[in-house]
Amino acid sequence: MNRLSATAFSAGAAVWPRYRPEEYRAGIVHLGLGNFARAHLLDYTDKVLARRGGDWRVIGVSLRGTAVAEALNPQDGRYVLIERGLETHARVIGALKHVIAGPRMASCALAAMSRPGCRIVSITVTEKGYGIASDGALDRTHPAVAADLAHPEAPAGVIGLIVAALAARRAARLPAFTVLSCDNLSHNGQKLRRAVLEFADATYPHDLAGWIAAHATFPSTMVDRITPAATRDTLAAAQQLTGHEDIAAVETEPFRQWVIEDDFSAGRPEWELEGALFVRDVGPYEQMKLRMLNGAHSMLAYSGQLSGKAYVRDVMADPAHAVLVRRHLKAAAATVRGLAIDLDAYATALAERFTNPSIAHATAQIAMDGTQKLPQRITAPAMEAMEAGSPVRPFAFALSSWVAYLARRDACGAPIRVDDPRADALIAAVSGRRDAATLLATIAAACPDVLPEAMSTGAFGARLEESLDAILREGMTAVITQEAML
Ligand code: CS2
């Protein structure tokens, strides 16, 4: 069977580009071309190109491995996006121009970002990919940041690349691009700006930081689309839907949302034509989404993993567990301020999205990188709920589920390695310690940004210990049933 490409004849049930992608040049360099970017930024951009045209195609960058380039470049950047809801819809995306991928390609990425046509550098590298500490400062111990600080002329990390590209643009008298972070960090643009300026200050003379501060913009964004990792089934479906082999196909849900601060230094596609919402302050939207959707996700991922549920939909199929999801959504909603949105309706819609039987979203995938995710998803709302006197039990349950997940043992009684950039510290904290009080104390000492003193002591600390103790003694399934009956 032939591979999908720019010259492939349209076949199958998929919708093929209704414009000629090759007529347009690239205007966006996207760092971190994973499934999410392919289901979100590229989907919006592709639809706007089909309506309006413009030099806004996307050059994708993925410096971790060459697989993305090997999949997409022979396909001329084409891939099929499969939306799975009550019905299945598939569209061949034409907005991706080509991909620069692999650890040795950082200089090519830098060249693409330094070209006159690059007007936006957008980013989805996940929370851990930046090198930004939870307080928003540059994390100089982050491996990519440390390497780029030592060799700022040959960067390979996000912040180093942005600074070097902006330095090259300034030297060439080119305008600065907009830096558009699309990851689930709170105040993503604002934090990235601070870290970029700190890096520029430490590495480049002649006040590059001042030039960046004056000319580049860093709008914050809230992004949303549940996009599981592609599987063999995805590729089989892609083949059936397009009549071609596509090894870069992505599956996603029908829902999508994008809220963006309208602050672009060098223009932007009219994403609002496709439903993106441009606002002055993304803060409240981002609180709503991070605390409700992502917070509930993290809770159900750890408790799901510990009660034998491989997918989010399996959690929702267990009535008691689904009660805990709704309880979490309600407690999180109580901490969201400043939005004229019906949060009950938003919570109901989230529970429906989690239930989607056609989306196989692995709880193991969401459980990854807890130390990077929990501060904005659970810790921040829990602290605010404590101060406001609103319900905190759901937050305590989420955190005790995480600690119990970290403390899992294999058949030989050894701790199971977790996927987290701070895995070493976490494993050291849980090894040999089996009672709830000691586990909580060691985790709090290792991760004060997840479990600050105010939460590991006092009334919240006592609730946390009681909850963890119950999970360790009675097992997660029993605790879910008990909690749901309260
Ligand atoms: C999930 C998110 O993996 C995770 O941690 O919570 O990727 C989530 O699916 C997206 O943010 C949805 O927009």
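Which residues does I359 touch, not counting residues up to four places away in sequence? The notes below start there and then work through the rest of this predicted model.

1. **I359 and its contacts.** I359 touches R84, I226, P228, E253 and R313, once residues up to four places away in sequence are set aside. I359 sits in the loop between α13 (343-355) and α14. Buried or exposed? I359 is buried, because 21 other C-beta atoms lie within 10 Å and the cut-off for buried is 20 or more. A long-range pair also involves this residue: I359 and E83 are 276 residues apart in sequence, yet their C-alpha atoms are 9.3 Å apart.

2. **The ligand shell.** The residues around the ligand are N184, D224, R225, I226, L293, N294, H297, Q365, I366 and K373. One of them, I226, is also among the contacts of I359. By class, the shell has 3 nonpolar, 4 polar and 3 charged residues. Which helix gives the most to this shell? That is α10, with 3 residues. Both α10 (283-305) and α14 (363-367) supply at least two residues each.

3. **Annotated N-terminal domain.** UniProt, in an unreviewed entry, lists residues 27-272 as "domain: Mannitol dehydrogenase N-terminal". In the model this span is 36% helix and 20% strand. Its end C-alpha atoms lie 17 Å apart.

4. **Annotated C-terminal domain.** The UniProt annotation "domain: Mannitol dehydrogenase C-terminal", also from an unreviewed entry, covers residues 281-440. Here the chain is 68% helix and 0% strand. The end C-alpha atoms of this span are 36 Å apart.

5. **Strand β1 and its partners.** Strand β1 covers residues 26-31, and 6 of its 6 residues are buried. β1 pairs with strand β2 (residues 57-62) in the parallel sense, over 5 bridges. In that pairing, H30 stands opposite G60 of β2. β1 also runs parallel to β6, joined by 4 bridges. There, L31 has I123 of β6 as its bridge partner.

6. **From β6 on to β7.** Strand β6 (residues 120-123) pairs with β7 as well, again in the parallel sense, over 4 bridges. I120 stands opposite T178 in β7. Which residues of β7 point which way? In strand β7 (residues 178-181), T178 and L180 point one way, while V179 and S181 point the other. All of them are buried.

7. **Helix α9, buried side.** In α9 (residues 232-242), the buried residues are T234, A237, A238, L241 and T242. They cover an arc of only 110 degrees around the axis, so they lie on the same side of α9. What covers these buried residues includes β3 (79-84), β4 (88-93) and β9 (250-252).

8. **Helix α9, exposed side and end.** The face of α9 turned away from its buried side carries the exposed residues R232, D233, A236 and Q240. D233 lies in this helix. D233 is exposed because only 10 other C-beta atoms lie within 10 Å, against a cut-off of 12 or fewer. The C-alpha atoms of D233 and E251 are separated by 9.8 Å, with their positions 18 residues apart along the chain. After α9 comes G243, whose phi is positive, near 75 degrees.

9. **Helix α5.** Which residues of α5 are buried? In this helix (residues 143-150) they are A144, V145 and D148. Their arc around the axis is only 100 degrees, which puts them on the same side of α5. What covers them includes α6 (158-171). The face turned away from the buried side carries the exposed residues P143 and A150.

10. **Points to inspect together.** For the ligand region, display the shell with α10 and α14, which each supply at least two of its residues. Show I359 alongside, with its contacts R84, I226, P228, E253 and R313. For the strands, follow β2 to β1, then β1 to β6, then β6 to β7. For the helices, set the exposed P143 and A150 of α5 beside the exposed R232, D233, A236 and Q240 of α9.

Key
Residues are numbered from 1 along each chain as its sequence is written. This is a predicted model: local features need pLDDT of at least 70, side-chain atom pairs count only at pLDDT 80 or more; totals for chains, interfaces and linings use all residues. The arc is that of the directions from the helix axis to the C-beta atoms. Two residues are in contact if their C-beta atoms, placed from the backbone, lie within 7 Å. A residue is near a molecule or strand if its C-beta atom, placed from the backbone, lies within 6 Å of it. Ala, Val, Leu, Ile, Met, Phe, Trp, Tyr, Cys and Pro count as nonpolar, Asp, Glu, Lys and Arg as charged, and the others, Gly among them, as polar. Two strands pair if DSSP finds at least two bridges between them. UniProt positions are given in the numbering used here, feature names are shortened, and annotations may be inferred rather than shown by experiment.
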